[in-house]
Each structure stands twice: as C-alpha cells, then as structure tokens.
Amino acid sequence: MSHLAHRRILLKLSGEALMGEEDYGIDPKVIGRIAQEVMEAREAGAEIGLVIGGGNIFRGAGLAAAGMDRVTGDQMGMLATVINALAMQDALEKLGGKVRVMSAIKINDVCEDYIRRRAVRHLEKGRIAIFAAGTGNPFFTTDSAAALRAIEINADLLLKATKVDGVYDKDPKKHQDAVRFEELDHDEVIARDLQVMDTAAFALCRDHGIPLRVYDVSVPGNLMRILRGESVGTLVRG
Ligand code: UDP
C-alpha cells in the first residue's frame with residue numbers, strides 16, 4: 001500500500017465520459033474499461049470514492065432552457081446520476097468489486113442514503129463508495145458534489161476525469177498554440193480565469209486546500225500513473 005502516492009481519492013467522472021462515441025446514455029464497453037481501471041486502483045490499495053455526473057442523460061440547465069421548471073430539471077439530472085451510479089456499481093461488481101451506492105436524495109429501495117460516517121466506514125473496509133444524486137440540491141453540479149464529498153471523506157486528492165488531458169491557457173480545440181499547465185495554484189486559476197470546475201466547486205477546493213488533478217480518462221492506465229505519483233494532466237495544488 002505504501003507505494004501509492006495517494007491513499008484515498010475522490011474520482012469525479014462526467015456523465016459524458018460514459019458515453020464514449022455515443023451521443024446519449026452509456027456505452028457498456030467504456031464503462032467496463034473505466035471500471036477495470038478503478039478496480040486496478042482498488043487492488044493496489046487505494047480507497048476510492050466516486051462521483052458520477054448525469055450529463056449523458058439529463059442536465060437541469062438544458063431542460064430549463066427548453067422550458068421546464070429548473071428545479072424539476074435539476075431533480076431529473078440528479079436522478080440521472082443515480083442511473084449512472086447503478087451502472088457503474090454493476091460494472092465494478094462484475095469485476096469482483098465490493099461497491100455501495102449512496103444517494104444524497106432518499107431512494108433507499110435502490111441504494112443506501114448518503115451518511116458520511118457510513119461512507120468512511122465503507123472506504124476503510126475496502127469498498128468502493130459511489131456518491132449519487134450530486135449534493136441533493138438543485139442549482140448545484142456534480143463537480144460541487146465531488147468537491148464536497150472529497151472534503152467530507154478526507155480524500156487526499158480530487159481527480160477530475162475528463163476528455164481533455166488537463167487545463168490549458170486557452171481552448172485547445174479552438175487554438176493550436178494552446179499550452180497545457182503541469183501545475184497551478186488556485187490563485188493562478190482565478191487570475192487567468194481558467195475553466196477548471198464551476199465556481200462553487202472550485203471555491204470549496206480552494207477554501208479547504210484540496211489538491212485537484214484534471215486528466216484524460218480515455219487514456220488507459222492514467223489512473224494508476226497518477227496513484228503512483230506521476231504527473232499526468234494538470235495539478236491544481238491544494
Ligand atoms: N444536479 C443538481 N444538483 C447537484 C448535482 C447535479 O441539481 O448537486 C443536476 C443538474 O441538473 C446537473 C445534472 O444533475 O445538470 C447532472 O449533473 P452534471 O451536469 O454535474 O453532470 P456532468 O456534467 O458531470 O455529467
């Protein structure tokens with residue numbers, strides 16, 4: 001266990017990371033591959049909390065733009081994260097993982113309620129805890145839920161798994177000369193107005209000194225590289 005640079009992590013996966021090449025829902029191959037990486041990290045001794053987004057199914061802001069009540073839209077978005085959490089639980093269990101889904105809104109026929117002490121106990125026992133339904137409140141995102149849960153479980157690193165291999169000085173899709181940062185601190189992110197996480201999530205990380213690493217989840221092996229202490233993607237120092 002001692003060979004790992006990080007003992008307890010909170011891994012945030014966007015809903016879109018589960019879509020693969022599809023434009024909606026979950027690609028079983030993609031979720032299977034990510035589950036395999038999570039299992040590898042668990043077997044190496046890491047304690048792992050997961051927060052999964054819901055953007056591959058519903059986003060409240062998008063539904064509101066189409067005319068729906070925002071709070072109802074956000075509740076649908078939170079339920080979408082539960083769907084993704086159940087899919088990830090299944091994928092991990094198929095690989096022999098011990099997993100508990102804990103939801104911030106009560107749906108306890110389907111999964112446990114989120115109770116912080118119980119969550120920490122699951123981690124201590126080697127179970128992977130999947131924190132579903134975001135923060136349980138409308139007008140927040142799963143980035144905020146990830147920051148919140150990372151602080152609550154005393155994670156030593158928050159990982160944001162995306163489709164981009166880190167934080168750039170400008171949008172790398174639009175600018176060929178965009179430069180990726182290896183390391184930044186919170187003040188540099190604010191001064192340069194870089195989009196790392198939404199403001200509420202970022203403020204939580206900054207105020208509580210949680211280090212955040214942004215990395216490309218589509219590159220196999222990246223999670224273990226990070227756990228071994230390699231510099232993958234961009235680190236926002238705690
Ligand atoms: N959501 C919410 N409160 C939360 C977390 C999420 O209301 O604490 C809703 C919100 O509508 C959001 C949706 O759930 O758009 C899906 O989450 P998010 O957009 O963060 O997913 P991601 O972009 O990571 O896939």
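## R59 and its contacts

In this predicted model, R59 touches G54 and G77, residues up to four places away in sequence not being counted. R59 sits in the loop between β2 (47-52) and α2.

Is R59 buried, exposed or partly exposed? With 19 other C-beta atoms within 10 Å, R59 is partly exposed, because a residue needs 20 or more such atoms to be buried.

## K12 and its contacts

K12 belongs to strand β1, which covers residues 8-13. This lysine is buried: 27 other C-beta atoms lie within 10 Å.

Apart from neighbours within four places in sequence, K12 is in contact with V51, T142, D143 and A146. The contacts of K12 also include L158, L159, K160 and A161.

## The annotated binding site

Both R59 and K12 appear in the UniProt annotation "binding site", which comes from an unreviewed entry. The annotation also covers L13, S14, G15, G55, T162, Y168 and D171. The annotated positions span 160 residues in sequence, and the farthest two C-alpha atoms are 25.1 Å apart, so they do not all gather at one spot.

## The shell around the ligand

The ligand is surrounded by 25 residues, and the closest are G53, G55, G60, G77 and G134. G77 is also one of the residues that R59 touches, and G55 is also covered by the "binding site" annotation.

Which helix gives the most to the shell? That is α3, with six residues. At least two shell residues come from each of α2 (60-65), α3 (70-94) and α5 (142-152). By residue class, the shell consists of 15 polar, six nonpolar and four charged residues.

Terms used. Residues are numbered from 1 along each chain as its sequence is written. This is a predicted model: local features need pLDDT of at least 70, side-chain atom pairs count only at pLDDT 80 or more; totals for chains, interfaces and linings use all residues. A residue is near a molecule or strand if its C-beta atom, placed from the backbone, lies within 6 Å of it. Helices (H or I, at least four residues) and strands (E, at least two) are DSSP runs, numbered from the N terminus. Ala, Val, Leu, Ile, Met, Phe, Trp, Tyr, Cys and Pro count as nonpolar, Asp, Glu, Lys and Arg as charged, and the others, Gly among them, as polar. UniProt positions are given in the numbering used here, feature names are shortened, and annotations may be inferred rather than shown by experiment. A residue is buried if 20 or more other C-beta atoms lie within 10 Å of its own, exposed if 12 or fewer, and partly exposed in between; C-beta atoms are placed from the backbone. Two residues are in contact if their C-beta atoms, placed from the backbone, lie within 7 Å.
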